[in-house]
Amino acid sequence: MRCLTMPLREDRPEITLTAYLWDSSPSLPQGPRPAVLICPGGGYMYLSDREAEPIALRFMAMGYQAFVARYEVYREGGACVYPDAVIDVGRAMLTIRRNAADWQVDGSRVALCGFSAGGHNVLMYSQWWNKAVLTEALTCPAEELRPAACIAGYPVADGSVVWGERPADDPIMGVFRPYARAITGADDPSEEQVRAVSPAMNDASCMPPTFLWATSEDGLVSARHTLHMAEALSKAGVPFEAHIFEEGGHGLALADQTTSLRAHEMNPDAAKWIDLCGAWLLKRFAMAVPE
């Protein structure tokens, strides 16, 4: 395996792309491999290591080239991270495609995968990849930015579930106010601001096939985010698969001992998401194997 880390922005060395690449070997399948680009969560306040390298290694074990993007997060006293955070995903996508030959990547088959806020980021990217906000910022044709698939675990997808329904004194708002400040610039965003950064509230017709999963016990990011996102995909006629597991809190990552700091973060049922996702992805990303 080769592991490489490179900056995505000259002015921000902490915004990086890390590549986990299969070495060439006559004993292994030859030719370019499909890839998965991973965006960890962390509420746009930090980036969770639990949703980074361990996820990349699992996708590598399935035969894919794997990448982790460390995108823009909120700095105290700083400006709103949007659209910079989603543009960073575009920078990562371009870097992968422009190094596809050296890294043995099938540039036409690059999936996005994100968790929580990272799930929000990849869903937003999947709706914006052909919009001016990305093509003009990155000065490239939209086709260079097109994702082949999208995977979102317990994503924040519908802001109306938070700001439209929860009372101001709800303890959970102590988490979502900083989140709102990071993506809208306001602690209590307007309905228009909420809609602009809520993928489940907008047109999903340009999105790629999408895999969603969450848990009904998640007390921070309700499973309704995932259900509403699934409804938006259904209305748009986009192929999707969605799994809502009965048990498990927020931020499960792989939901096994690989990523769990405490016993309650391990859940054998929710841990099945990665295998279900692998089977779903294989329908689109299977590599040709000679007879």
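**Exercise 1. How many bridges join strand E3 to strand E5, and which way do the two strands run?**

Solution. This is a predicted model.
- Start with the ranges: E3 covers residues 33–39, and E5 covers residues 105–115.
- Count the bridges: six join E3 to E5.
- Read the direction: the two strands run parallel.
- Place one pair: cysteine 39 has glycine 114 as its bridge partner in E5.

**Exercise 2. Find how E3 pairs with strand E4, then state whether E3 is buried or exposed.**

Solution.
- Locate E4 at residues 65–70.
- Four bridges link E4 to E3, and these strands run parallel.
- For a pair, take alanine 35: glutamine 65 of E4 stands opposite.
- Now check cover. Buried means under 20% relative accessible area. Seven of the seven residues of E3 are buried, which leaves the strand mostly covered.

**Exercise 3. Describe the packing of helix H1 (residues 53–61) with helix H10 (residues 273–285).**

Solution.
- Choose the descriptors. Two packed helices are described by the angle between their axes and the distance between the axes.
- Distance: the axes of H1 and H10 come within 11 Å.
- Angle: they cross at roughly 45 degrees.
- Classify. Angles under 35 degrees count as roughly parallel, and 65 to 115 as roughly perpendicular. H1 and H10 are therefore oblique to each other.
- Handedness: the crossing of H1 and H10 is right-handed.
- List the contact. H1 supplies Ile55, Arg58 and Phe59. H10 supplies Trp273, Ile274, Asp275, Cys277 and Leu281.
- Sort by class: the contact of H1 with H10 has six nonpolar residues, two charged and no polar ones.

Notes. Residues numbered from 1 in each chain as written. Predicted model: local features only at pLDDT ≥ 70, side-chain atom pairs only at ≥ 80, totals over all residues. Heavy atoms only, no water. Axes fitted to C-alpha atoms, helices over the stretch in contact; angles between N-to-C directions. Parallel < 35°, antiparallel > 145°, perpendicular 65-115°, else oblique. Left-handed = near helix turned anticlockwise from the far one by under 90°. Contact = heavy atoms within 4.5 Å. Nonpolar A, V, L, I, M, F, W, Y, C, P; charged D, E, K, R; others polar. Buried < 20%, exposed > 50% of the residue type's maximum accessible area, 1.4 Å probe, protein only. Pairing = 2+ DSSP bridges.
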